[in-house]
Every structure is written in structure tokens, then in C-alpha cells.
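Take a look at the sequence and the 3D view below. Then read on for a short report.

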Amino acid sequence: MSKINTLEDLNKAAKRGLESIIPSKTKVMVGMATSGIASGAQEVYNALAEEIKKRKLDIILSKTGAMGMDCIEPLVDVLQPNKPRLAYSKVTAKKVPEIIDQIVKGAVNGNKPAYRMDEEEFICLNENKPYLKGPVPKDLEGIPKIGDVSFYKKQMKLATRNCGMINYESIDEYIAKGGYFSLLKALTKMQPDEIIDEVIASGLRGRGGGGFQAGIKWQTCRRAHGDIKYVICNGDEGDPGAYMDRSVMEGDPHSVIEGMIIGAYAIGSSQGFIYVRNEYPLAVANLQRALDQAREYGLLGKNILNTGFDFDLKIGKGAGAFVCGESTALMTSLEGKAGEPRAKYIHTVEHGLWDRPSNLNNVETWANVPAIISRGAKWFSSIGCKNNSGTKVFCLVGKINNIGMVEVPMGIPLKEIIYEIGGGIPGGKKYKAVQTGGPSGGCLPDSLIDISVDFDSLWDAGSMMGSGGMIVMDETTCMVDIARYFIDFLEFESCGKCVPCREGVYRMNEILNDICDGKGKAGDVELLESMSQGIVDGALCALGSTAANPVLSTLKYFRDEYVAHVRDKKCPAGVCKALIRFSVSDEKCTGCGVCLKKCPTECISGEKKKTHVIDQTKCIKCGVCKESCKFDAIIVE
Amino acid sequence: MVSFIIDGKKVEAEAGANVLQVARKYGIVIPTLCCHESVAPSGACRLCVVEVKKGKRTRIVTSCLYPVDEGIVVETKTDRVLNVRRLVMQLLMARCPESEVLKDMAKEMGIEPQPAFHPDTDKGKCVLCRLCVKACEDVVGASAIGLSGRGKNKKVGAPFMEDSKTCIGCGACAYICPTEHIIMESTDSKRKIWGRTFKMQPCDKCGRYFAPVDQLKFISDKTGTPMTELAVCMSCK
């Protein structure tokens, strides 16, 4: 591949890319991000390759990232010339021949796609390119358009604009979507200060959790003394249930790289690092491939786009410490030392990596930059709400129907995320709370269901945006147990440098364990509160000073559950084993004998068609009887 | 020079100094465990926290690290500050129940152990202040010991917790340890530390055993001074 030096060169690559995005022959794409692979996409991909080869078909088989609706993966998208793009959900290797049949016949029967797309949005170019030419074929009329699917209806994809749309292995496809045109614009038509002004005007706030104005950070770093400066991408996403950044790094690595090159030019940096946790092997591989491609095209290295600007990027792999998502710990780890944070009284934009001015933003923040440069600050700031412009990517997990990754305009009511996009709570259960902001975030109760989802509102409610995890809980979730879960996670992940986090979180975990085990004592709740304040004030880094949040926010909104555990020795949600008791309802039991057979300790007895009895001395409270009873006859108290 | 207020008193200090240094200069008592004039501060123990008001913002900071600044208002004994110090002391006493140093400090600060914390039995007297590690690395230059693991299982020791191969027996770690956790056993001709027994060098002049042979070799290698010159104790030099 020859180097790209001019707009003409870039246009040529874009043309090649467009031919592969919307080709003149049939293309089949498999969602092959980690979420897809985890649900069997690799087997589906292999089966498709085999079937295409066996039938000697002229079909392009391609890989793409994650569209977000993980609960219906593996996804196979079929794009035939001049027809809508069809998305087949929950595809298995077994279903492949049937899908190929439909492609060959050109008709949908039997295997119905989940949705169709009539056109593709090219965000950076501000245009939509049609797949479909002419009216929708009769047999496809009944298939909903993607925009009508409740999961997608209220979403707006900026940072994840190319995820699930382009082949993540192709730089040309990225360029066709408007990629690297922003870089060309920045390097040839804008001064560094103009870029910074644009980012400030856009109102882009750091998506990693802190929500600091990205443009201001860039400006401070640009103005900091020192001839060597670094730009860093934080891809050390470690919150349980969060995988937004992984999806972007896997599905659209070039968007991060392009954002970083633009940022480096604006700040005056010639070296950057992408810090990725090594538990994300696909992200590492896709980023590495993308870096090689960009270097081959002359988009990284010396004299980028023939403008005289030099910049290169390296991947730093994390060794699996949660604390390395904290900026100073991340930089220490990049330096090759044990990842421990330091006090930030002197900011990293002045003294960061190897004591040089360093600008760190997270994956999602960087991925937004090319879109801001191409479409302008005014466009970006028109999305979202006051002081919170743009979109935010969330991972919706837990007790929710539509598990997946969603990108929504800032300021969307939480209710719409939970009930419209997320499709509500499974099994007709009642919504109880959502944990936002990862382990250091907080739980928002039902009374806050109408809250506007933005940095400031979440903070005011005692939680935080964090990087974007959303763990939904229903009435069967015990909030004390949840607090214990997160505190346990944080105890395990504490680096151990400062006393309040290392010893304090460990002692809080002990107290919470005692409470859940029915050994809670009067004064425990008050002690937890006072310890929390000491940890908030006393811990060294942001991980430590937010470590008490799971306890503080559950205490704030669910104090009665703590009281029930400590005073009444009861777990209202029926979760904490030491505090619950299983019995059989005389009214509802039909004596069918299913629980009796399933019980692992054989502690259930009873004659056929007569009420069964649980021997409390042998019951281990595993809950199998309750799960297996069709008549809802098992009582948990 | 910058001027600011500490506990209601107007004070002056060199720019670049930290709050703890200035406070101590003015006779204000702030407890510390991980602070020592020979090594750079790390902010690990959190006992030295103070409350700082800068502009409109008031927050708790670590005085050993916080650089003084024109116009800041520092309070060293507010309720918030004392709450952090109490928590830290109670947590450390639960970690190291045998430490007399901690007990004395707590007594002076008027802090009782927290009965809800079950005392640990496996941590000895180590509060993980990391002074020993810093002294070994930054002052001595031997880097014989380090920190391994994380969280409450973090530990000071030689690599892989084996008997140290690079320790020179200088004892700097034991001297700097604020809680007397590091044990150094000495007889006239021998010294035992970090699993190794070191032979002591007798003074060429007075015959008194004064330093481990390995330490003198280390110094000789580093500085180029011949061993013969080093084999004389400080009193006879």
C-alpha cells in the first residue's frame, strides 16, 4: 500500500472502502466482537465459510464489531445488492444452511431476520448512503426497520458509530466512513489552538468517569513546560459489567487512533500510548493491526500526510489491576513499575508519564474527537443537555431484558434506558435499583427513575457516570449483599498503598459479611457510615476515595434493608442465606414431587399429592426447590 | 516565598515546600508514620492529613505531599481531619495489635482501638509505610527488598520471599522502620537480617566489629575506594 499524502489519495482509499462496505455482490457479515464470539459467532463464521465454499458461491464473508444488542447475538448481517441489509439474530452453525438458502433464493421465508436496515449512516460525512434502491420488497415489509426496534429507537451512535457497521480489519472501510478526513482537515487547515478551541466549544467531557472538560485538559497540557509531551489513551476498563471501551477498541480501533493523532497535534506531542488491559486480547490485536495499517498509510510515524508532523503510538498492556485505570497508576504501570497511584496535587498534564506533561483521555473520549472535528463543535454541543454535550455509551446488564451496549444522548431519562431501550425487567419482577459508575458508583432507587442521565445529575444523586456500566437490579436483589459484592471487589483490587483503602475497605467487608451472615451488631451501620467518611476523606487516589460509595449510596436509599438485617435478622429480598428459611406452602403445594427429586441434600419429604415438608436441619438454602416449583409453593422468609 | 495561614497563624515558606515541613517548623504537631527526612514522601499512611482551603474549595490533603501556596488556609485539627486520623490509627492497631509504638501513638492522640475490628495475627508489626523499601532503593541503592502483592496482602520482602541475595546487611531498613517490625539480630562478629547471616568486619585499628563485610564491598564497588581504606571504623578514622 502506498502512503497517503493528499486528499486525492484519501479519496481513493475511501472509494475502495465504500466498495467493500456496500459491494456490488452479496456480503455476509458476522458480529465478531468479544460479545459475539462469547455467544458462538466463531462457529457461525466457520460454518458460513464452509457452506459458501461447498456451494461455490460468490459471497463476501466479513467480520464486524458489536452493534450493541448482545442478547440476540450471534448476529449475521446479509447485504445483497440494492436490498435492505438484514440482521439475523441468535444464529447457530445449524441455522447457516437455511440462511444461505434464503440468500440464494433471494427470499426470506422461515428464518426471519430481527430487523432490517435500508440505509447506512455516515456520521462524519453527514450523509446516509442507501442499501435499498427502490421500494421495500414485499417479503421484507414485515421485518421492522432498525429505527423501529425499541432497543435502537432512542439511541444515537457517535463514539460507536462504526461498531457493527464496518469490517474492523479494514482501514479502507474506516476511511470510507469519513475516517482520517478529520485528521487531514486538522493537520492542513487548522492550527493547534483552533483544534483546542473547537474541542472546548464542543463541551466534550472526559468519558472515563471524571467528566473533566477534555479541551481544557488539552490546553493545559499544551501550555505546560517541556519539549516532550505524551498523549495517552486509557483502555484499562475494569468495572464489572462494563465493556464500552472494549467494544470500540475491537470494533473501530481507528477512531481512537485518529482522535489521538489529532489530539497529539493540538497538544504538541510526538509520542502516544494506548494502555489496554491484557484481558482484552481481541482489542489488543485489533488495535495492533490498525496501528500497523495506519503506519503503512503514513498516518502514523514521520511526516504524517506529508505535513511534516511526526507522531507514533505504542500499546502498553496492563496486567489486570483495576487500579491501573486510575491515571497516575496507569502512568506508573506504563513506566514499567507496579501500578500504584500517587497524589495528584501536581497534575499529570504538567508532570505525568516519566515526569513529562501527559494528556490522558479514555477510549470513548478519543473516539468522539474525529466526529467533532469533521462536524464541528456546534453540531456536537447541540446533542445532549446543558453542560453535558454529546452522547454516552452504557453497558446495560443485570436484571434487564435487553442486555447490551447502548449509546444515548446525554440527559436521557433513566426510565427510557431501563424500560424502552432495555425493555424492562425480566419475569415480571419489580425494578429495584440501578448501579451506575462501576464499583465506585452508587445505586439509584426507583424514586430516581426519572433522573436525567448526565454527569452532574448522577453526581448529585450520590452516584456517578463512571465509565458507563449500568447494572440493573430487581426486587430479588439484596442491597446489603450488593454493597458487600462491590466492597469485596474493591478489597481485592485495592493496590494497598494507603491505609484507609487497604485496611478500611477490608474491615468494611468484614462488617458487611457479618451483617449478611446474621451476625450484625447494633452500631454496625453507624460504624460503616463513619468509616466511609474517613475513607472518602483519607484515601490517596480516586479509587480509594470512592470505595465507600457502594455502602454510602445503599445506606442512603436502602437503609431499611440494613436495619432488617442487623436488628430483625431478616433479609427482605430473600438472598442472604443465614437470614432466610425455605418452607412449603400448604395451600399451593400439589405434592407433585419435583422439588423432592431436585433437592441436592434430600431434605424434602412428602407423599404424592400431599404437601411436602423441608427438613430445616438439612436444608442448605440453595434455592433449587423454589426454582423448580411450577406452583410457586416454596416460601422464602 | 509564599505566605499562608496555618491553624490561624500567618506563616511564610519557600515555594516548593510541603505543608508538613512548614507546620513542623512552626511547632505544629502532625503525626506521621511513613515520613522520614532521608526519603521522598509517599503519602501512604495518611496520618498527616490536614484540611486546606484554597479559593472556595476545602478539602482534605496529605500534608507531606501538598505543596504550599499563596493564600491557602490550613487547619490541622478539624473534626474531619481527626476522624481520618482516628480511623487510620484504629485500622493499623487492628492490623498490628502487638505494636507498642502504635499503642503509644494512639494513647497520645487519645484514640482507643475499635472493638469491631478483629485483630490480624499474620502481619507482625509492619504498617506498610514503605520507608524500608525506599531507604534500600533510594538511599542505599541496593534494592534488596521491595513490595509484592496488593491490598491487605501486600508484603515487604526480598524477591519471591526467598533469602535475599542482594542484601548487604547494612540494616538501614531496620533503623528506619517506625514500628520495629524488621528484626536484625547482631552479635559481635555476625549480623542476621532478611534470612541471611553477614560476617562483620573488625576495625583494622581498634579491632571492634563495625560493619558487614558485604556492605563495605558494596561501597568499595560503588565508589572505587579500596577495601583496605574502608576497613577502619568511624571512631578510628
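The report below covers one chain as a whole, its two parts, and one helix from another chain.

## A predicted model

This model is predicted. Keep that in mind as you read the values.

## Chain B at a glance

Chain B has 237 residues, and 39% of them count as buried. Its secondary structure consists of seven helices and eleven strands. The C-alpha trace spans about 65 × 45 × 30 Å along its principal axes.

Now look at contacts between residues with a separation of 6 or more. In chain B, 53% of these contacts come from residues 24 or more positions apart.

## Two domains in chain B

Where do the domains of chain B lie in the sequence? Domain 1 covers 1–122, and domain 2 covers 131–236. Taken over C-alpha atoms, the centres of domain 1 and domain 2 of chain B are 30 Å apart.

The two domains of chain B touch. Nine residues of domain 1 are in contact with nine residues of domain 2. On the domain 1 side of this contact in chain B, six residues are nonpolar and three are polar. No charged residues appear on that side.

## Helix 10 of chain A

Now switch to chain A. Helix 10 of chain A runs through residues 244–251. Is this helix mostly covered or mostly open? Helix 10 is mostly covered, with eight of its eight residues buried.

The buried residues of helix 10 begin with A:Met244, A:Asp245, A:Arg246 and A:Ser247. A:Val248, A:Met249, A:Glu250 and A:Gly251 complete the list.

Key. Residues numbered from 1 in each chain as written. Chains lettered and ligands numbered in written order. Predicted model: local features only at pLDDT ≥ 70, side-chain atom pairs only at ≥ 80, totals over all residues. Buried ≥ 20, exposed ≤ 12 C-beta atoms within 10 Å, placed from the backbone. Helix = DSSP H or I, 4+ residues; strand = E, 2+ residues; numbered from the N terminus. Contact = placed C-beta atoms within 7 Å. Domains from an automatic or database assignment. Nonpolar A, V, L, I, M, F, W, Y, C, P; charged D, E, K, R; others polar.
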